[in-house]
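Student: I would like a close look at a single part of this model, the contact between the two chains. Please set that part in the context of the chains on either side.

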Amino acid sequence: MGSEGLIAQVQVEGITKHFETKREGKVTALRAVDLAVQNGEIVSIIGPSGCGKSTLLYMIAGLLVPSSGRILVDGSPVNGPDPKIGIIFQEFRIFPWRTALENVVFGLEMRRIGTAAERARIARKYLHMVGLEGIDERLPKELSGGMKQRVAIAQTFACDPEVVLMDEPLGSVDSLTRETLQDEVLRIWQESGKTILLVTHSIEEAIYLGQRVIVMSPRPGRIIREFSVPLPFPRSAAMRTGPVVADLRTEIWALIREGGGA
Amino acid sequence: MKGFLKLYPIAVVLIVWEMAARAGLVDPLFLPSFSASMQALVANYQLLATDAAYSLGRAFAGLILGASVGLIIGMAMARYRAAESFLDPLVAALFPTPKLALFPLLMVWLGLGEASKVALIAVSAFFPVAINTYAGMRGVDRFLIWNARTKGANALQLLMRVMVPAAMPFIFTGLRVATGYAFLLTVAAEMLTANNGLGFRIIYSQRTFEAETMYAGIVLVATLGFAVDRLLGWLGRHLIAWQDTETI
């Protein structure tokens, strides 16, 4: 998956990010990160906690500004949030005062796309896509963790973004729900053809969901290695316990454990 | 019905009051019986209803004025660094000041009529609403704001469609506190300078030894305060029904 010649859909060039913290003073969260994600790819980023992988996503989404370097999406520099770059946050940050349907129409409503009836129709399509039926009028407090995460996925996809960033989207659901949702994410990726870049702290999840797995070092975060996952799509439950995942897992685990000396 | 049953202690107090007065344990000038007070309430129905209307008018005029300004100032403080750095020390310094201390000043500026009373009530209602709006909006989950911004919300939409609803439980608590203050200062101001209103009626009856009317006025003030607080509580539960009370 080289990026020679062609401009990648998401192009991260020499990004460094410093933070000013009260306790530790100036902290370098990321150092000289280069990354290219092609149109339609699904790529996982993995690394120890605090390695700046979420910070990287927030910068691609235009929510944080890099200290140096630049980020291009579709060839143009990112300055500020843009609905064409969707992001799904940890722990389902949907709006608690809006019903499931109202949450999914949010982006369309803000940008005044279509009539209210048209927006509701679009939202129902996306709720259907994530396997939620008959819960339109329910408030988030009346939904399970897995359902809330599905609403969050529908909310982001309803904006029809070109790139979808996922920040540990399945980190706070139980392991059974998590495996189901992983398969849903893959199905949605295949059906929608969107570019997906996801951050996770589960090695198995990174391998199972990604065409490529990018491994980051502890702070200051750098990309230390990149693995191609030689598994075809659609992926199956058998692959989770198969030799490809097991071998890659061992290799990535060793890399992370030795602290990314490379 | 269950809600009413929970109020039985009030009935107990009223019964003890009635029995103590009837048994002649206390001078009727200090404590007329509850029934005599209620008879005074019925007998002076028109007078007291007019007084109640005046008091409610002042309380709500001041409350609406003070709460509206408080909402706007609180929003500005949460939204603009300059407003925050200028207003935060002022609000913090003035909030603990007993607002009644400002009344003589307001009378000098605004006269002895309605304006100074409404202004006093507005000042008292302003602070809890401003402070709670500010605190509530400052505490909005950064990820909710980010979620809205990445989905195309502009600055005004972010304020009105995300930050205000997210801060609503706080704002509403501030409003409820402000309502209590508004009633308190309405009665206080009426006791000092007025010739109508329940505060005036209570102090006037006391000075003219009409203990029954004084007690009728007190019972009426208490009942109105309680009813308005309950109404706000009910309204609040409907406005912020989305709140997940199990996790908060």
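Tutor: What follows begins with the confidence of the model, goes on to the contact between chain B and chain A, and then turns to each chain.

The structure is a predicted model, and its scores are ipTM 0.91 and pTM 0.85. For chain B the mean pLDDT is 91, with 98% of its residues at 70 or more.

The contact itself draws 20 residues from chain B and 27 residues from chain A. Between them the two chains bury an area of about 2,300 Å², and carbon and sulfur atoms account for 65% of that area. On the chain B side, Thr150(B), Lys151(B) and Trp242(B) together provide 32% of the area that chain B buries against chain A, more than any other three residues.

Polar interactions accompany this burial: eight residue pairs, both members at pLDDT 80 or more, are in polar contact between chain B and chain A. Two helices of chain B, helix 8 (142-150) and helix 9 (155-192), each contribute at least two residues to the side that touches chain A. Helix 8 of chain B gives the largest share of that side, with seven residues. Sorted by class, the side of chain B that touches chain A is made up of 10 nonpolar, five polar and five charged residues.

As for charged pairs across the contact, there are two salt bridges between chain B and chain A. In a salt bridge between the chains, the side chain of Asp141(B) meets that of Arg93(A), at 2.6 Å from N to O.

To place the contact in its setting, consider chain B as a whole. Its secondary structure consists of 11 helices and zero strands, so that along the sequence the pattern reads α-α-α-α-α-α-α-α-α-α-α. Taken along the principal axes, the box filled by the C-alpha atoms of chain B is roughly 70 × 50 × 30 Å.

Chain A, by contrast, has a sheet to describe. Four of its strands form an open sheet in the order 2-1-4-5, with antiparallel pairing. The edges of this sheet are strand 2 and strand 5 (76-77) of chain A, each of which pairs on one side only. Strand 1 (residues 10-21) of chain A runs antiparallel to strand 2 (residues 25-37) of chain A, and nine bridges join the two. A hairpin of three residues connects strand 1 to strand 2 of chain A, and Glu20(A) has Lys26(A), in strand 2 of chain A, as its bridge partner.

Strand 1 of chain A is also joined to strand 4 (residues 68-73) of chain A, again antiparallel, by five bridges. Within this pairing Gln11(A) stands opposite Leu72(A) in strand 4 of chain A, while Glu13(A) has Arg70(A) of strand 4 as its bridge partner.

Salt bridges also occur away from the contact between the chains, and the total over all chains of the whole structure is 24. One that lies within chain A joins the side chains of Arg240(A) and Glu179(A), at 3.6 Å from N to O. This pair links distant parts of the chain, since Arg240(A) belongs to helix 7 (residues 237-240) of chain A and Glu179(A) to helix 5 (residues 175-192) of chain A, 61 residues apart.

Some backbone details of chain A complete the picture. The peptide bond between Arg219(A) and Pro220(A) is cis, with omega about -5°, and Pro220(A) sits in the loop between strand 9 (212-216) and strand 10 (223-228) of chain A. A cis peptide bond also leads from Phe233(A) to Pro234(A), with omega near -5°, and Pro234(A) is in the loop between strand 10 and helix 7 of chain A. Arg112(A), although not a glycine, has a positive phi of about 50°, and its place is the loop between helix 2 (100-110) and helix 3 (116-129) of chain A.

Methods: Residues are numbered from 1 along each chain as its sequence is written. Chains are lettered from A and ligands numbered from 1 in the order in which they are written. Side-chain values use heavy atoms; hydrogens and water are left out. Contact means heavy atoms within 4.5 Å. Buried area is the accessible area (1.4 Å probe) that two parts lose on being put together, summed over both. A salt bridge is a side-chain nitrogen of Lys or Arg within 4 Å of a carboxyl oxygen of Asp or Glu. A polar contact is a pair of N or O atoms within 3.5 Å; within protein, one must be able to donate a hydrogen and the other to accept it, and residues adjacent in sequence count only if both atoms are side-chain atoms. Ala, Val, Leu, Ile, Met, Phe, Trp, Tyr, Cys and Pro count as nonpolar, Asp, Glu, Lys and Arg as charged, and the others, Gly among them, as polar. Two strands pair if DSSP finds at least two bridges between them. pLDDT is the predictor's confidence in each residue, from 0 to 100.
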